Amino acid sequence: MDDEDDSLPLRLRWVGDPGETADQAGLLRLALTQAIGDLGGLGGLAHLSGPQGSLRLAAVGGLPEAVTQPWEQLPADSATAPMRAVAASGVVWSAVWPGPPPTGGPVGVLSAPLTAADGTPVGTLSVLLAALPEEETRRRLSALAEAASAQLPAVRIWLSGASWWRDSDPRGLGRQMMREVQVGFWSWDTETGRIDYDQTTAGMLPLAGLDPATWDGQISGWLERIHPADLPGVQAAIETSFETGRPYAVVYRVVDRERRISWLELRAAFEEPGEGEPVRMTGTAWNVTEAHSREMWLGGVLEQNPDPIFVVDTGDRVEWANRAARDLTGLTAEEDVPAGRALWELAGQLRGQGLPELLDRARAAPAASHTATVTMRAVRAAGTAWYQVRAAEVGGYVAVQWTDITAQTMAEQEAAERARHLEDLNRALIQAPDTDGIAAAISTHVLPMVGADGLVLHDLTGHQPRLVAVTGHGDGFRAEMAAVPWPDRLEATALESGPQYVSSRDELARRWPHLLPLARLGGQRAWAVVPLIASHQVTGTAVLTWTRPRHLGAADRSVLGTAAVVIAHALRAAAAHERDRRRSDRLQRELLPGPPPELAAVTAAARYRTTTGSEGDVVGGHWYDLEPLPGGRVLAVIGSVTAGPDATVAMGILRQAVLLMSVQDLPPDELLAYVNDTMIRLGRRLGGGAVTATCLLAVYDPTTGRCAIASAGHPPPVLMRPGGIPAAVDMPTGDRLGEARVPAEVTELSLPPGSLLVLHAPATGDADPQDRPLTEIIASHQAASPLPPAVPDPPDGWLDRLCDTITRDLPGPDGTGDLALLTLLTRRLPTEHILEWDLPRHPESARAARDLAARALTGWGLADLVPAAEQIVSELVGNTVRHAVGLGQSADEDSRDGRDDIRLRLLNLRGGEVVCETYDGSKAAPQVRHPSFEDEFGRGLVMVSLYAASWGTRYTPSGKVVWAAVRAEGRE
């Protein structure tokens, strides 16, 4: 558009000044006209907010009804431009139509929101365009929508609720429907006295003797045609509506020039004024002459209606009552209702029934039926009767009708009482944890329903009947019942033939005489034997008993039948749960983490708490392990599986996977990589890949004090060095098991003797919420009970007291929560218990190794281990000389400058265990051979396996370590 010829400011000024008489539809049509002309559109639509987030069509510009009809009501989930503009609070272009798009070419809709003063969208202004709009086009439409939005609060809105935008369309759907039911619209300007009316109302003017072609439309001319007897009432209704602002409805007579009378019904209201007095009344007119011609006939019909009917006026005074109504109030059929009496003054039984409120509701919503159920005592009948009362406003009066629903109400109350009992039973069965809970629910809820005194309940889900409960029977009954074979009992008969009902001992004696002694022992005189069947599977039997004869009617039998169904399902579930619990208990005992083992240079204590708050009796999703590794090293593991039905299973599998892979003596990051692969495969089997877990590994070497830690999404441990304060280890946590794609990063720590390392799996499974409180708990415990620095062993029970404190003071979100806790107090292996030598890579080194080992073990007081140690170090060194390469690094991983040496190291561990290690630069693992009798070589590792308690290989960055352990006699 040419900026010099820009007409937008002028159009905005016109939309911003629609005139004092403009209404809402007129403003929207004006805005549409300017928008279509400014944007060169094909036509326009204006929508306003409707019910439940919808948009209703409020104005149309330049479009036929065939195009606009699909746009009448747009639901909240519509993808059209108007609904999207409301959702986005901005201008939206879309080619989506609510129905079939128009034929003849592409047409899209550009919509801008109409907003309230606070910016909330209350509608849209839309223009149909044949091409994708440019940004300038969007801006111009937005400006016009803003101008219209600013004027919306100032224009008039029709209170009748009619869709007045159709006035310009003679084929409008709303007007057409109103004409079909002969309802006309009119409005009265109180300042000018002029009445405006539509075509339907014009057709009613001749009924009042007025010619639409010549009548001046003044209110005074219409009032002259109202029947003189009805005019005061009409004027009073108008004055009341003017003073109160409430709508009114009147029915009155009009008289034409030939003195013929017609009846009209008018409903109207003054428009709510902005300031000052109302200036306009709008309403509807309806020709009801035909209905009033039948009034006398209907009066006779209502008089004979068996239901009481009252008609009351605006003062709640009874104007008319039919014969049944007069009888209800104690009047005879011939007596008239006393004049000037309110409805509830006719009889005391009508007071306090909520009748005034019912009448008010009827008047507040004319022509709508309102109901209430009241309870009152009938005047001429004993007992209590229930009536349903309906009230409806008709022509300024309220008709009130009573309907006797006593029988229906009593039946409903009985059914509701039974339903309440069954609901309570169902709730109790759902909450019952086991079959004992099922029996308690039956005793509490079913026995009172039928007035029973006792119960015998059997569970039949197993191989043999299992007695669950016996209540309400005499002493010795249980033992005597056990002596009766199952096929001879009432329960077996019920399973074969259906429920059995025995109303007395005489009946029992006739049908099952062999059970009469048992009945006398139990003190019972009536029985109901109900089989419990769920999904065509027998789950048990229930025998209800009475201490007096009792005949069960159809209602009681129906209640027992319904109760039996829910009891059967609950009993099957409870019995299955108990079987699973017994199996789970066995599994729990196998999966529970045991006490930490005794280690060479680590003192440990642990705790295991579940969501039940117990310790050591239930397995949750957490676990921990402490595993000794070769060379006095220790592997500490802690982890947590995502909560879910398979958490315990997944935890057990992961725990075993870690322990099995630890035999390979892998670095922590490699071990986590293998466990992550296990978790991925496990997730596919258990949860389609949705199961994840966290895990933290720590390997501590007491010979060097080094600790290597790696985490897969698990919170870092808390470390407290001697004389220091507890703090979480600064380390990366990595991705969770089952999600990890990058190997975990290893963090190396140097731990002085007496360092405290606390590994924990908190209740939330997250690191952040628990770390800070844990460090505070440890610091508080240390302050109250200091741990002396540089001690070889902690004070007696210090670690256990720390674990108890943490378990008590580190709750989960619900005050308990799962918690796994593993605490380690590190020591160093004494230097005199670590001996190492660099030997040349020469066959004579085997003899030197034997001598060195013999002297070392003798000096340690372990002379009984010398023969085995000599044989082991000789074979290890000899095997290294023959098959391995020289050292790239020594035992402590320091550079050896490529020297072709063999390192021999002996470790004297606690409890009389000695570990012999040889270091070399080869990555090749030693292979155990099986030589023939004539072979000269190949027996070295076989000899090692015979003399050593255990042996193996682990890899270093520059080679490998072959180790073997020998233990004193009796050492496991």
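Which residue just after α17 takes a positive phi? Keep that in mind while you read; point 2 gets to it.

1. **The whole thing.** First off, this is a predicted model, so what follows describes a prediction. The protein has 972 residues, and 48% of them count as buried. Its secondary structure comes to 27 helices and 36 strands. If you take the contacts with a separation of 6 or more, 59% are between residues 24 or more positions apart. The accessible surface is about 47,200 Å², with 52% of that belonging to carbon and sulfur atoms.

2. **Helix α17 and what follows.** Find residues 490-497, which make up helix α17; L490, E491, A492, T493 and A494 are its buried residues. Their cover includes four strands and a helix: β17 (454-459), β19 (500-502), β20 (526-534), β21 (537-546) and α18 (505-511). Now back to the opening question: it's G498, with a positive phi of about 100° just after α17.

3. **Two helices side by side.** Next, look at α14 (residues 406-431) and α15 (residues 435-450). Their axes come within 9 Å and cross at roughly 175°. Angles over 145 degrees count as roughly antiparallel, and α14 and α15 are therefore roughly antiparallel to each other. On the α14 side, the residues that meet α15 are R418, H421, L422, D424, L425, A428 and L429. Their counterparts in α15 are I438, A441, H445, V446 and M449. Sorted by class, this contact has 8 nonpolar, 2 polar and 2 charged residues. As you look at the spacing, remember that an α-helix has 3.6 residues a turn, so residues three or four places apart point the same way.

4. **An open sheet.** Towards the end of the numbering you can trace 5 strands in the order β32-β33-β34-β36-β35, forming an open sheet with antiparallel pairing. Why do β32 (834-840) and β35 (950-956) each have a side without a neighbour in the sheet? They stand at the edges with a single partner strand each, so one side stays free of a neighbour. On average, neighbouring strands here are turned by 20° against each other, direction ignored.

5. **Zooming in on one pair.** Strands β34 (residues 913-920) and β36 (residues 959-967) run antiparallel and are joined by 8 bridges. For a landmark, try C916, which stands opposite A964 in β36.

6. **Helices on the sheet.** Helix α25 (residues 845-859) packs on this sheet and touches β32, β33 (901-909) and β34. The direction of α25 makes about 165° with that of β32. Helix α26 (residues 866-883) packs on the sheet too, touching β32, β33, β34 and β36. For α26, the direction makes about 10° with that of β34.

Key: Residues numbered from 1 in each chain as written. Predicted model: local features only at pLDDT ≥ 70, side-chain atom pairs only at ≥ 80, totals over all residues. Heavy atoms only, no water. Buried < 20%, exposed > 50% of the residue type's maximum accessible area, 1.4 Å probe, protein only. Contact = heavy atoms within 4.5 Å. Areas by Shrake-Rupley, 256 points an atom, 1.4 Å probe, with all protein chains shown as cover. Pairing = 2+ DSSP bridges. Axes fitted to C-alpha atoms, helices over the stretch in contact; angles between N-to-C directions. Parallel < 35°, antiparallel > 145°, perpendicular 65-115°, else oblique. Nonpolar A, V, L, I, M, F, W, Y, C, P; charged D, E, K, R; others polar.
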